[in-house]
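Work through the following exercises with the sequence and the model beside you, and try each task before reading its solution.

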Amino acid sequence: MKNIIYLLLFLSFPSFSYNVCSQQIEYADKIIQSSGMIKEVSSSKMLHFYIAPINSCARSDFIIKGDRVISYKTYNNFDYITYVTKGGETVAGWIKNSDLDAIEPSQTELNASDFSLKIQGVNVYLNQSIVNLNDLAKPKEIELNLVGNTENGNVYGVSYPSDKHASVYVSEINSAIKANGEESVSQLSIYDGEYSTSRGVHVGDSLHEVINKYGKYGIAATDNDTKYLKYQYLDMNINFTYGQDNKVSLITYNVIPWQDFISELTCSRNTNLEKPAIQNLECAK
């Protein structure tokens with residue numbers, strides 16, 4: 001689907017631009033990305049999208065001052081971003097980053113660093129590419145084990161080699177939105193007290209400890225009699241499963257399917273995308 005979109009965009013460019021831009025796209029897809037950062041347009045001029053991070057690859061569409069976007073990659077003074085329109089449509093592409101300012105969350109709010117986990121000395125985070133995982137795991141070689149198939153493609157378990165305390169899963173979920181050229185980390189699970197979250201919560205800790213470190217804006221939910229407290233940042237969440245004793249029995253990090261994330265937003269322009277729209281009702285006014 002991504003290739004079809006790019007082809008349509010290329011039809012309006014001369015052949016020399018087609019070749020340059022297509023080569024840049026192929027390279028840019030392999031650039032290591034982050035879990036996502038909120039940025040806002042600070043300039044009064046229109047910021048045009050580019051189909052590749054090079055000046056000759058400009059598109060006609062643009063964003064304006066006050067618009068908030070999610071930045072996933074940085075290269076050659078460009079950011080690869082996604083922007084959600086008021087109608088709930090996603091626009092993705094490269095933007096010159098000189099007029100984009102990062103929105104710094106407060107200490108109590110979640111940020112991209114909350115979705116990382118150090119396993120056997122290897123720092124793993126949601127949306128991390130499988131190629132980058134291989135580089136980090138060396139001299140060991142990671143192994144992929146097919147877990148199942150979903151509408152987002154195959155899901156694989158990752159071993160460093162196997163670790164009974166935690167699991168890493170990769171899939172193609174949301175890869176088209178973020179211009180991933182391959183599978184990336186879509187789930188992390190912590191099973192016991194051997195590992196902790198970046199804020200120091202372990203399996204066995206109380207819900208009081210979770211709320212103390214992650215804040216009061218978690219969403220309590222029940223799924224098939226399993227109770228958990230969920231904290232969300234963009235299209236990612238951390239689930240703290242707990243039992244009758246109100247102690248954490250499982251910690252899971254998940255990438256949320258993009259359409260599920262979008263459905264939670266009533267609008268995005270001038271909106272703090274760090275929280276689901278249900279916690280940001282002024283956006284709907």
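The exercises below go from the whole chain to single residues, and each is followed by a worked solution.

The model is predicted, so that local features need pLDDT of at least 70 and side-chain atom pairs count only at pLDDT 80 or more, while totals for chains, interfaces and linings use all residues. Residues are numbered from 1 along each chain as its sequence is written, and side-chain values use heavy atoms, with hydrogens and water left out.

**Exercise 1. The chain as a whole**

Describe the chain by its helices and strands, its share of buried residues and its accessible area.

Solution. Begin with the secondary structure, where helices (H or I, at least four residues) and strands (E, at least two) are DSSP runs numbered from the N terminus; the chain has 5 helices and 17 strands. Next, consider burial, for which buried means under 20% relative accessible area, exposed over 50%, and partly exposed in between, with a 1.4 Å probe and protein chains only. By this rule, buried residues make up 48% of the 285 residues in the chain. Then turn to the surface, whose areas come from the Shrake-Rupley method with a 1.4 Å probe, only the protein chains shown counting as cover for residues. The chain exposes about 14100 Å², and carbon and sulfur atoms supply 50% of that area. Finally, take contacts, meaning heavy atoms within 4.5 Å: of those with a separation of 6 or more, 56% are between residues 24 or more positions apart.

**Exercise 2. The disulfide**

Find which cysteines form a disulfide, and state where they lie in the chain.

Solution. A disulfide is a pair of cysteine sulfur atoms within 2.5 Å, and the structure holds 1 of them. The partners are Cys21 and Cys57, whose sulfur atoms are 2.0 Å apart. This pair links distant parts of the chain, since Cys21 is in helix α2 (residues 15-28) and Cys57 is in the loop between β2 (47-50) and β3, 36 residues apart. The angle about the S-S bond is -110 degrees, and the link of Cys21 and Cys57 is left-handed. As a last step, check accessibility: both Cys21 and Cys57 are buried.

**Exercise 3. Salt bridges between separate parts**

Which parts of the chain does the salt bridge of Asp79 and Lys39 tie together, and are these two residues buried or exposed?

Solution. A salt bridge is a side-chain nitrogen of Lys or Arg within 4 Å of a carboxyl oxygen of Asp or Glu, and the structure holds 7. In the bridge of Asp79 with Lys39, the closest N and O atoms are 2.6 Å apart. Because Asp79 lies in strand β5 (residues 78-84) and Lys39 in strand β1 (residues 37-41), the pair ties together parts that are 40 residues apart in sequence. Asp79 counts as buried because its relative accessibility is 0%, and Lys39 is buried as well, with a relative accessible area of 12%.

For a second case, take Asp114 and Arg199, which form a salt bridge with their closest N and O atoms 2.7 Å apart. Asp114 lies in the loop between β7 (100-102) and β8 (116-119), and Arg199 in the loop between β13 (184-190) and α4 (207-214), so this pair ties together parts that are 85 residues apart in sequence. Both Asp114 and Arg199 are buried.

**Exercise 4. Nonpolar residues inside and on the surface**

Which residues touch the most other members of the largest nonpolar core, and which form a nonpolar patch on the surface?

Solution. A nonpolar core is a set of buried Ala, Val, Leu, Ile, Met, Phe, Trp, Tyr and Cys residues joined through side-chain atoms within 4.5 Å. The largest one has 47 residues, of which Tyr160, Phe240 and Ile251 touch the most other members. Apart from it lies another core, of 9 residues, including Val41, Leu47, Ile63 and Leu100. In soluble globular proteins, nonpolar side chains tend to be buried together.

Now look at the surface, where patches are made of residues with over 30% relative accessible area and no salt bridge, like charges being joined within 9 Å and nonpolar side chains (Val, Leu, Ile, Met, Phe, Trp, Tyr) within 5 Å. Met46, Phe62 and Ile64 form a nonpolar patch there, with about 260 Å² of accessible area together. Phe62 is found in strand β3 (residues 58-63) and is partly exposed, with a relative accessible area of 39%.
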